[in-house]
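This briefing concerns aromatic contacts, strand pairing and burial in one protein chain. Please consult the sequence and structure shown here alongside the points that follow.

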Amino acid sequence: MQLYTIGEAAQLLRVSTDTARRWADAGRFPTLREGNKRMVEGVHLAAFCVALAQEAAEGDGESATSARNALPGIVTAVTLGEVAAQVEIQAGPHRVVSLLTREAVEELGLAVGVQAVARVKSTSVHIDLD
């Protein structure tokens, strides 16, 4: 039986340790004590991950996409040309730079300080508002 600490579970879930603790306290996934640490069984964590993904797919209203590598972050720079634009997003430790049309930048309302998601598939980067 694989066991994970709350911190390890939080990393796998891509949330803060506090959020993982709140979810556990709310009964969203069971924990057990091993010494002074709260642990999560791997099978329970896996089931919760699947449920969480299903909740997100059902409730967030996002458009369907085949791009699976989503990097949520904040827009740090926008350089507009007459036709093209360059958008930079800081997604955690990752800096993502994308070239797209000026029209797309304006339609999405991309500006410094706006939350956005860079979706990467193959050699393309898709930018969605968060």
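Over the ring of which residue does the charged end of Arg28 sit? The ring is that of Trp23, and the charged end of Arg28 is 5.6 Å from its centre. The model is a predicted one.

**Aromatic contacts**
- The count of aromatic pairs comes to two.
- In one pair, the ring centres of Phe29 and Phe48 are 5.0 Å apart and the planes stand at 50 degrees; the pair is therefore tilted, since stacked requires under 30 degrees and edge-to-face over 60.
- Phe29 belongs to the loop between α2 (17-25) and β2 (32-34), whereas Phe48 belongs to helix α3 (residues 42-59), so this pair ties together parts that are 19 residues apart in sequence.
- Both Phe29 and Phe48 are buried.
- One aromatic cluster is formed by Trp23, Phe29 and Phe48.

**The β5-β6 hairpin**
- Strands β5 (residues 84-91) and β6 (residues 94-101) pair in the antiparallel sense, with eight bridges.
- Glu88 has Val97 in β6 as its bridge partner.
- Two residues lie between β5 and β6 in this hairpin, and Gly92 in the turn has a positive phi of about 65 degrees.

**Val117 in strand β7**
- Val117 is located in strand β7 (residues 115-121).
- The relative accessibility of Val117 is 5%, so this residue counts as buried, the cut-off being under 20%.
- Val117 and Gln90 are 27 residues apart along the chain, and their C-alpha atoms are separated by 9.8 Å.

Key:
Residues numbered from 1 in each chain as written. Predicted model: local features only at pLDDT ≥ 70, side-chain atom pairs only at ≥ 80, totals over all residues. Heavy atoms only, no water. Phe/Tyr/Trp six-rings, centres within 6.5 Å; stacked < 30°, edge-to-face > 60°. Helix = DSSP H or I, 4+ residues; strand = E, 2+ residues; numbered from the N terminus. Buried < 20%, exposed > 50% of the residue type's maximum accessible area, 1.4 Å probe, protein only. Lys NZ or Arg CZ within 6 Å of the ring centre and 35° of its normal. Pairing = 2+ DSSP bridges.
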